[in-house]
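Hi there,

Here is the structure I promised to send over. Have a look at it first, and my notes follow underneath.

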Amino acid sequence: MNRPGLIGILLGLGFAAAPAPAGALVPYVYMPSSAELQTAGEGIGEDATQLLQTGRVEQAEQLAMLAVLLLPEDPRSWLLLAEARLRNDDRSGTREALARARTLEPSNAGVWFAEGSLALRDEEYGSAERLIREGLALDPENANAHFDLGNTLLKLEQPLAALDAFEKATAIRDNFWEAVNNQGLVLFELGRVLLAQQRWQEAITLSNEAAEPMLALGASRYGQGIRDRETIELVMRALVKDPAYAAEAHQEDQLWGEKLRAAARALFQDAQLKPAVKRALILSGQDD
C-alpha cells in the first residue's frame, strides 16, 4: 500500500476549503483519522531511519521529532528519536526519549540496556547497574548487557562480581573477545597472573587485530622478566594497531587497574620500545 506523501500529509493537517453553497465560504479543519496518523508517522519514521543510515543526523532528528508528535504513544518513535539525539551527541535528550520509551513499553529489555549503557558512559554507576539488571531480568541471555554490567561493577570496585558478569557474557557468546580480555584485566589485579595471560592469549586468538590483549600480555610477560624478542614485537604490534594505548590515561579509561598500568609503565622504559611509544603518542595526539 502506498503511504501518503509527507507534504500531502502535512498539508492535510492544516486548513482546507470544503465545497459550499453558492455565495458562501465555510472553512473547516480536516481531522485525520488515527489510521492516517499512524501511516504518516510510520512513513516519517522510515524517512528518519534512512537519514540516520546516510549520516544526515540533524535532519533525522527533526523528522523523528515529527514522528513523536504524530505517534506519541508508540515507543518505536521515541526510540528513533533517542538514536537520532545520541548521534547528535545530545545525551540528556537521548535519556529523556529512552525514559519515555521505557514508560510506554517496560517489557522491552533493550530500552533498559540502552539507558544503562548511557548511565555507564555518564559515570552514574549505581544507576547503570540497576538499569542493566532490570533489563537482564527480562532478557538474561544478552551477552552485551552482561559485558556492560561487568564494566559497571569494575567501576564500583566489585572485581569478583565483574568477573562473574564477564564469564556469563562469554558463556553466551564464546567468541566475545572483549569479555575474555576483561576477564584478564580482573584476574591480573587479583594476582592470578598466569590465568590472566591465558585469557589475553585467547582474546588474541579470537581477534588478531585487537591491540589491548596484545599490550596487556606483553606488559605482564615483561613484568615477569620475560623480555625476549617475542614480547617486544608483541608490544610493538599492539602500539601500531592502536597507538592510544601508549597513554596511561587511555589505559585507565579502558579499565586497566593500577597493577597492569604499573607493568606498562615499566615496559615503556625499555630502550627498545621508547621510539615506538613516542611515535604512538604522537599519532594518537597525546604527546606532551
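Below is what I found in it, from the whole chain down to single residues.

A word on the ground rules. This is a predicted model, in which local features need pLDDT of at least 70 and side-chain atom pairs count only at pLDDT 80 or more, while totals for chains, interfaces and linings use all residues. Residues are numbered from 1 along each chain as its sequence is written, and side-chain values use heavy atoms, with hydrogens and water left out.

**The chain as a whole**

The chain contains 16 helices and two strands; these are DSSP runs numbered from the N terminus, with helices being H or I of at least four residues and strands E of at least two. Of its 288 residues, 43% are buried. Here buried means under 20% relative accessible area, exposed means over 50%, and partly exposed is in between (1.4 Å probe, protein chains only). The accessible surface adds up to about 15,300 Å², and carbon and sulfur atoms account for 53% of that; the areas come from the Shrake-Rupley method with a 1.4 Å probe, and for residues only the protein chains shown count as cover. If you take the contacts (heavy atoms within 4.5 Å) between residues at least 6 apart in sequence, 51% of them join residues at least 24 apart.

**Aromatic rings**

The model has four aromatic pairs. Rings of Phe, Tyr and Trp (its six-membered ring) pair if their centres lie within 6.5 Å; planes under 30 degrees apart are called stacked, over 60 edge-to-face, and the rest tilted. One of the pairs is Phe-147 with Phe-176, which is tilted, at 5.1 Å centre to centre and 40° between the planes. Phe-147 belongs to helix α8 (residues 143-155) and Phe-176 to the loop between α9 (159-172) and α10 (177-189), so this pair ties together parts that are 29 residues apart in sequence. Both rings are covered: Phe-147 is buried at 15% relative accessible area, and Phe-176 is buried at 3%.

Another tilted pair is Tyr-245 with Trp-256, at 5.9 Å centre to centre and 35° between the planes. It links distant parts of the chain, with Tyr-245 in the loop between α13 (229-241) and α14 (248-253) and Trp-256 in the loop between α14 and α15 (258-267), 11 residues apart. Tyr-245 is buried, with a relative accessible area of 5%, and Trp-256 is buried too, at 2%.

Coming back to the phenylalanines, Phe-147, Phe-166 and Phe-176 form one aromatic cluster. Phe-176 also has a charged partner: Arg-173 lies over its face, at 4.1 Å from the ring centre. For a charge to sit over a ring, NZ of Lys or CZ of Arg must be within 6 Å of the ring centre and within 35 degrees of the ring normal.

**Arg-102 and the salt bridges**

The charged end of Arg-102 sits over the ring of Trp-112, 4.7 Å from its centre. Arg-102 also meets Glu-115 in a salt bridge (2.2 Å, N to O), a term that stands for a side-chain nitrogen of Lys or Arg within 4 Å of a carboxyl oxygen of Asp or Glu. That bridge links distant parts of the chain, with Glu-115 in helix α6 (residues 109-121) and Arg-102 in helix α5 (residues 91-104), 13 residues apart. Glu-115 is buried at 9% relative accessibility, whereas Arg-102 is partly exposed at 21%.

By this rule there are 17 salt bridges. Among them is Glu-129 with Arg-133, whose closest N and O atoms are 3.0 Å apart. These two are four residues apart in helix α7 (residues 125-138), so about one helical turn separates them. Glu-129 is buried at 18%, while Arg-133 is partly exposed at 41%. Glu-258 and Arg-265 are also joined by a salt bridge (2.9 Å, N to O). A network of salt bridges links Arg-91, Arg-95, Asp-122 and Glu-124.

**Around Leu-217**

Leu-217 sits in helix α12 (residues 211-223) and is buried, with a relative accessible area of 6%. Apart from neighbours within four places in sequence, Leu-217 is in contact with Gln-197, Trp-200, Gln-201, Ile-204 and Leu-234.

Best wishes
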